[in-house]
Amino acid sequence: MIGEGTHSTNQRRHNYVQENVEVGFFTDPTVCIGCKACEVACKEWNEVPDDGFTWSGNSYDNTGHLGASTWRHVMFLEQDRQKGNQVVGSYSLGNGDDPFRWVFLSDVCKHCEEAGCLEACPTGSIVRTEVGSVLVQDDVCNGCGYCVVSCPFGVIDRRPEPLPNAGGAFKCTFCYDRQKSGLVPACAKVCPTESIVFGRLDDLRARATQRVQELRQHGYDDAQLYDPQETSVRGIHAFFLILGEPEAYGLPPKPQVPTIYLRSAWTAAIATAIASIIATLVAFAFSS
Amino acid sequence: MDAPASEKRLEQLREKAWQEGVVPGRGVDVVGGPIPRKPGYYGEPVVKPPVWTWEIPLYFFFGGIAGMSAVIAFAAVLFHHVDVARTAMWLAAIAGAVLSPILLIMDLGRPHLFLNMLRVFKHRSTMSMGVWILTAFGTCAVPGVIALELHTHQIFTSTLDQLLSFAAGIFIFGAAIFGTLLATYTGVLIGATAIPAWFLHRTLLPIHFGTAGLGSAAALLELLGHRISALNFIGFYAAAVETALLIWLSVDKHGVADRAIHEHGSGWLIRIGEVLNGPLALILRFFGLVPLAAISFLIGALISRVGWIAVGKVSGSDPESVFAAERY
């Protein structure tokens, strides 16, 4: 926490990988200042190539969305709602008393408990690490692209030519290399307001619940946690506090891991296989 | 909109916005203030659309032909149509053991690492299952066609020839079993994903892909000169099933969630493909116009495969479809 200095879980060294401790990110938009230091730190540490230099016109967000070369993405939401007990005045939208708030949220791979990409990967390139995160081993990935359509959050993507290491699928590594050496992921390490908190998953969940209560007391009526534990995804390691509806952040309200569709699809496939064999045998039997 | 970012460019955009109220390209319309009115987060996709290019629909097409050709070959061997069996096995071997792997490898982001597919066997990954099905199919189809040809031409003496005949039977049976899976698993492959228009039709897709494969195999054999009533019967069966699927697709609508199937260019591809391999092929066959029916079915089967991949791209880029699909 801010004020704990080098004792903060965002700064102190740890042995989570060696001790097999489940870790996570808790991201809190109410203290985010939209500085994008997390995006920069991620790019620098992981040597992620550029993801295009375009004007989006969408508030101050010219990053757009997560992708093969965007592993952290700070969202800028402009909403016509009040932010907590914010005093609404003549400076809001120019015409008097319209409520207005600017919300920043740093998006990242969710590192699902039941990960669609991991289940889909046919090469075994995507694995689960000791700390519960989902990792793509770049030297094994052959770029089949099946993880891309299997992620319910649209995180992972195949990197196009002519970027370095093109052809493979990429996403946030949870800075597995740093964690192995006892370091905190780059984005959490640099976050100046500790909007991104890194730590033990159970600690973070407790802390997040407390934070929601705190915010509600301060008038943030629509503060809630985004951590889909009731769906087939069964919870995420990088979870968020959000103001308002998840849809506004491009987060699916009820994400599902696509493996739940396998049973009905394979049943139809086997039925078709049997029907085709029977139809063919009947065709030849009656015409012979 | 891709001009270099600079203050001058920003001035140009402001000027344009002031005059027209709208900035072309990416971004929100500026009239009425900064509150975005696009669905989701500035209309950005919630899930990622498929990265697959033209190789994949073509692979679905040839994989379907290859797999179901082996089924026809098996039935033809059983009922002593050796000519049909030989052509069908050649189709199975060429489309299944040559064209299909080439198309699959070409589509990879890193084709030189294609062998990594064979590192693991994951029954929960349809892509992994598909690679093993294709491998098993090729392993049966190629020796199957060689044994069948050697047996037909009576190359060897009686004992060895009997052995060859037995081997041909086993391999063709194996190719037929893996062939039915090869033709249908592709429906599971795209049905068990996070793309709304795909997973909402996960039971229809394997039926459609498998039946289109069977009809295409029969149609191709007919066009190659095998005008026998058994293939005509299969043609009727496949076109009838496809007609039923066309009706199913137009009844089983999910509104916004699967609008990519009913709207846009992707919707037209699906409709044209289904009409060609459904009712049109059925009518042409009914009037005895077998070659025309065969051509209609083949073109329809190919277009609908292209259509389903196009549907995935449209549906995956549509945030509203993803939100709406979560109600089902």
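In this predicted model, B:Ala73 is in contact with B:Ala85, B:Ala88, B:Met89, B:Ala92 and B:Ile172, neighbours within four places in sequence being left aside. Two of these partners recur in the largest nonpolar core. B:Ala73, B:Ala92 and B:Ile172, together with B:Ile72, are the residues with the most contacts inside that core. The core has 192 residues. Helix 2 of chain B provides its largest share, 16 residues. In soluble globular proteins, nonpolar side chains tend to be buried together.

Chain B is built from 12 helices and has 0 strands. Its pattern along the sequence is accordingly written α-α-α-α-α-α-α-α-α-α-α-α. The C-alpha atoms occupy a box of roughly 90 × 50 × 35 Å along the principal axes. Of the 328 residues of chain B, 55% are buried. Contacts in chain B often span long stretches of sequence. Among those between residues at least 6 apart, 74% join residues at least 24 apart.

Chain B also touches chain A. The contact involves 77 residues from chain B and 65 residues from chain A. On the chain B side, at least two residues each come from helix 2 (55-78), helix 4 (126-152), helix 5 (158-191), helix 7 (204-223), helix 8 (229-251), helix 11 (290-316) and helix 12 (319-325). Helix 5 of chain B gives the most, with 7 residues. By class, the side of chain B that touches chain A comprises 48 nonpolar, 19 polar and 10 charged residues. Helix 2 of chain B thus appears in both settings: it supplies at least two residues of the side touching chain A, and it gives the largest share of the nonpolar core.

Key
Residues numbered from 1 in each chain as written. Chains lettered and ligands numbered in written order. Predicted model: local features only at pLDDT ≥ 70, side-chain atom pairs only at ≥ 80, totals over all residues. Contact = placed C-beta atoms within 7 Å. Helix = DSSP H or I, 4+ residues; strand = E, 2+ residues; numbered from the N terminus. Nonpolar A, V, L, I, M, F, W, Y, C, P; charged D, E, K, R; others polar. Buried ≥ 20, exposed ≤ 12 C-beta atoms within 10 Å, placed from the backbone. Core = buried A, V, L, I, M, F, W, Y, C linked by C-beta atoms within 7 Å.
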